Amino acid sequence: MASHALLFSVSLLVPLFLCCVLAKGDMTVIPSKNGADHRGRSLQSTKVVNVLRYGAYGDGLHDDTKALSKAWSAACSSSLPGIVLIPKGKKFLTKHVTFSGPCKSSIKFMIQGTLVAPPKRSYWIEDTIRHWVLFINVRDLTVTGGGTIDGNGKIWWQSSCKVNSKLPCRPAPTALTFYSCTNLKVDNLKLLNSQQIHMSVERCTNVRVSRLLITAPGTSPNTDGIHIAHSKDVKVYNCAIKTGDDCMSIEDGTKNLHVKNIVCGPGHGISIGSLGDQNSEAQVTNITINGVRLHGTTNGARIKTWQGGRGYAKNIVFENIIMDNVWNPIIIDQNYCDSTTPCNKQKSAVEVSNVLFKNIRGTSASRDAIKLSCSRTVPCHGIALHNVKLTLKRGNGNAKSTCQNAKYRTLGTVMPQPCILKN
């Protein structure tokens with residue numbers, strides 16, 4: 001527990017500057033000391049925009065959406081680097097809100113308090129129902145502060161078709177979305193009880209995500225922790241994710257992703273896919289998942305693609321992973337089907353190649369610890385298992401593996417021994 005407390009401790013520098021602030025109307029400008037550093041270089045001032053000065057109540061009852069929008073506009077239009085401050089100890093009730101760029105300078109969105117979603121679905125309109133807090137087309141953005149983003153998701157989960165099959169399937173908001181952002185940092189936040197996906201990174205470049213605590217009940221539907229799609233040069237590290245769906249979902253268009261030091265569970269594990277749905281083309285490449293602990297998840301290291309898709313998922317590494325009571329520790333599924341009716345067999349498939357599972361150990365909740373279910377017409381190839389040791393968590397006998405249409409090799413000790421490929 002001490003290490004977790006350290007991981008998510010809040011290091012807030014803003015109060016230290018208050019001794020030297022210069023007030024200007026409804027903003028605060030923090031100048032540099034003597035206007036230069038010790039080497040004589042010019043230092044740029046920072047504009048601090050406190051949402052309370054733009055009419056926010058911060059009581060969790062009144063609607064603060066307009067106040068947040070006004071504060072963002074003030075920071076975004078300033079030529080000075082800006083800090084949008086969500087103060088500590090207060091709750092800001094927020095309906096759908098979009099923070100748009102481009103901005104004139106860099107912005108730090110400092111969440112020290114809590115952003116909380118409305119308690120009723122009637123607050124949402126169809127045009128914006130897929131997003132709650134949306135950052136779009138912003139460059140040099142940092143979102144941090146040690147505060148909380150609370151999606152108030154229970155009202156959405158209880159009316160989900162995944163919970164009650166008699167109900168129609170309807171869209172629900174993603175709590176925090178970054179779309180078409182460049183040089184993005186997301187650090188030191190708590191994401192709680194999202195309506196659906198907790199955080200989504202889409203069409204972004206050069207992204208750093210760290211020190212997130214993402215929490216929702218294990219029974220909450222579609223509450224992925226971190227979702228990444230159509231983005232490149234992304235690093236995710238030092239996060240704890242406990243949800244009802246994928247801890248991380250990595251989808252089409254993801255390139256150069258490095259994930260390190262993640263604790264996951266409950267949830268569905270770390271999934272690449274689903275790729276190629278509705279006969280679409282998908283491209284995922286250069287993915288490294290390193291140093292992950294999974295506890296009681298449905299899946300561990302997973303790649304899933306739909307029949308009928310096209311494209312590729314290649315150059316993927318899962319390494320240094322510890323599994324504890326994971327139902328499907330290692331799984332490649334090129335026959336994925338998430339449909340109320342059986343999926344028709346199709347010939348085309350997303351090609352899966354050059355995948356390494358290295359230094360993976362722990363326990364499997366099911367007897368099939370390794371599943372390689374690949375396409376008959378587009379078999380998996382270049383699959384390598386290196387130093388893998390998975391044992392059965394409970395019951396008699398040993399764990400085993402099942403394989404279909406997979407071309408692989410083993411290095412070092414591999415338990416359970418995979419099936420022998422018949423060419």
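**Aspartate 246 and strand S5**

In this predicted model, aspartate 246 touches Thr223, Asp224, Gly225, His268, Gly269, Ser271 and Lys304, with residues up to four places away in sequence left out of the list. Aspartate 246 itself sits in a loop, with strand S18 (232–242) on one side and strand S19 (248–250) on the other.

Two of these neighbours deserve a further look. Serine 271 offers its side chain for a polar contact with the side chain of aspartate 246, at 3.3 Å. Lysine 304 carries the nearest side chain of opposite charge, 4.0 Å away, yet aspartate 246 has no salt bridge. A salt bridge here requires a side-chain nitrogen of Lys or Arg within 4 Å of a carboxyl oxygen of Asp or Glu. Aspartate 246 is also buried.

The second part of the structure to follow is strand S5. Five of the five residues of this strand (residues 82–86) are buried, so S5 is largely enclosed by the rest of the structure. The burial applies to both faces of S5: Gly82, Val84 and Ile86 lie on one side, while Ile83 and Leu85 lie on the other.

S5 has pairing partners in strands S3 and S8. With strand S3 (residues 46–50), S5 pairs in the parallel sense over four bridges. In that pairing, isoleucine 83 of S5 stands opposite valine 48. Strand S8 (residues 107–111) also runs parallel to S5, and five bridges join the two. There, isoleucine 86 has isoleucine 111 of S8 opposite it. Isoleucine 83 and isoleucine 86, named in these two pairings, belong to opposite faces of S5, and both are buried.

Key:
Residues are numbered from 1 along each chain as its sequence is written. This is a predicted model: local features need pLDDT of at least 70, side-chain atom pairs count only at pLDDT 80 or more; totals for chains, interfaces and linings use all residues. Side-chain values use heavy atoms; hydrogens and water are left out. Buried means under 20% relative accessible area, exposed over 50%, partly exposed in between (1.4 Å probe, protein chains only). Lys and Arg count as positive and Asp and Glu as negative; His and the chain ends are not counted. A polar contact is a pair of N or O atoms within 3.5 Å; within protein, one must be able to donate a hydrogen and the other to accept it, and residues adjacent in sequence count only if both atoms are side-chain atoms. Contact means heavy atoms within 4.5 Å. Two strands pair if DSSP finds at least two bridges between them.
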